[in-house]
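Reader: I have a protein open on my screen and would like to go through it. Can we start with the inside?

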Amino acid sequence: MNSKIFLLALLVSSIAHAQNYIDLANLSYSTTSNADFENSNQQTSVNELEFQITFPKVLDDKNTLISSLILESNNLRLDPTFNDKTTLASLSIALGINHKYSDRLAITYLIIPKIASDLDFITTDAFQFGGLALATLKKNEKFSWKFGMYANSEKFGLFLVPYAGFYYTSANERFEAYITTINGDLNYMITDKINIGGDVNGLTSSYALADPYFGTNKEYFAKNTTEFFAYVRYPLYKGLFLKAKAGYSITRTYKVFEENDKVDLGLSLFYLGDDRTQLNTPLAKGALFKLELLYRFQL
């Protein structure tokens, strides 16, 4: 899945049934200061910056227009033999509509064009196109089911992510759970201001490389991680929250492949027909630290 699917999923679920807020903007920065290369005494820092802002517009009692801008940047050494770090960045625009079919069922449809590259120069190789359909089926005011499908034309081939899960909030709204097949979040308000929780996210994205790093043929960079965080959230101002997070990368792969080295099909965290040859040295798993600024609007 694209690295921002988690935010998009939260967006569409909050616009639909059951949640009483929507996260309009999110700015986050995460870092691993000394990530080890496997079978090497070399290390690299891995720094990631993400920004998302959303503009929902209610058209009528059944339809809400959705537009979202998503920026992402990754900075790291691609291999222990390189002295310089590489920045891999993406710009995505999500456009679509949330349609309420009944008091219980609402479905959000999004198209998601994206440019993702190492920023040396941008060509048509950097363009990707994706889409998301996510349904919310409300059981009651505190519980709803989520199911849908995400698809994207990643550099390694077609990528599909089936999506299923639920959202629940307690009667006093102090406990909240959002659990799906690709991510999850559990949190509890221990005071009127302090919220503690944990989340897990599976993230996949790919980037075109303007010039080859390891040979003469065109190459691309593929990122696949599963990350767990524990966090504390605290309000800074009305609607503005700070989240301090510490976690661990359960899986972490940052790989470079030749452009024509693809899979038959990417399916969530699995790849069918994957006999690609990795060109760079893998990174080991490691600890992560993350800060987020979140702007939340109460509905």
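Author: In the largest nonpolar core, which has 18 residues, I112, Y150 and F156 touch the most other members. A nonpolar core is a set of buried Ala, Val, Leu, Ile, Met, Phe, Trp, Tyr and Cys residues joined through side-chain atoms within 4.5 Å. Buried means under 20% relative accessible area, exposed over 50%, and partly exposed in between (1.4 Å probe, protein chains only).

Reader: Which elements give two or more residues to this core?

Author: They are β5 (105-117), β6 (127-140), β8 (157-169) and β12 (219-237). The largest share, 4 residues, comes from β8. Another core, of 14 residues, lies apart from it, and A35, L78, V256 and L283 are among its members.

Reader: What do the β numbers rest on?

Author: Strands (E, at least two residues) and helices (H or I, at least four) are DSSP runs, numbered from the N terminus. The protein has 16 strands and 1 helix.

Reader: And where does the model come from?

Author: It is a predicted model, in which local features need pLDDT of at least 70 and side-chain atom pairs count only at pLDDT 80 or more, while totals for chains, interfaces and linings use all residues. Residues are numbered from 1 along each chain as its sequence is written, and side-chain values use heavy atoms, with hydrogens and water left out.

Reader: Now the outside. Which residues make the nonpolar surface patch?

Author: L69, L71, L91, I93, L95, I111, I115, L119, I122, F127 and F129 make it, with an area of about 930 Å². Patches are made of residues with over 30% relative accessible area and no salt bridge (a side-chain nitrogen of Lys or Arg within 4 Å of a carboxyl oxygen of Asp or Glu). Like charges are joined within 9 Å, nonpolar side chains (Val, Leu, Ile, Met, Phe, Trp, Tyr) within 5 Å. Accessible areas come from the Shrake-Rupley method with a 1.4 Å probe, and for residues only the protein chains shown count as cover.

Reader: Which strand supplies the largest share of the patch?

Author: β4 (86-100) does, with 3 residues. I111 is in strand β5 and counts as partly exposed because its relative accessibility is 44%.

Reader: Different topic. What is odd about N39?

Author: N39 has a positive phi of about 55° although it is not a glycine. N39 lies in the loop between β1 (21-36) and β2 (43-58).

Reader: Why does N39 count as exposed?

Author: Because its relative accessibility is 83%.
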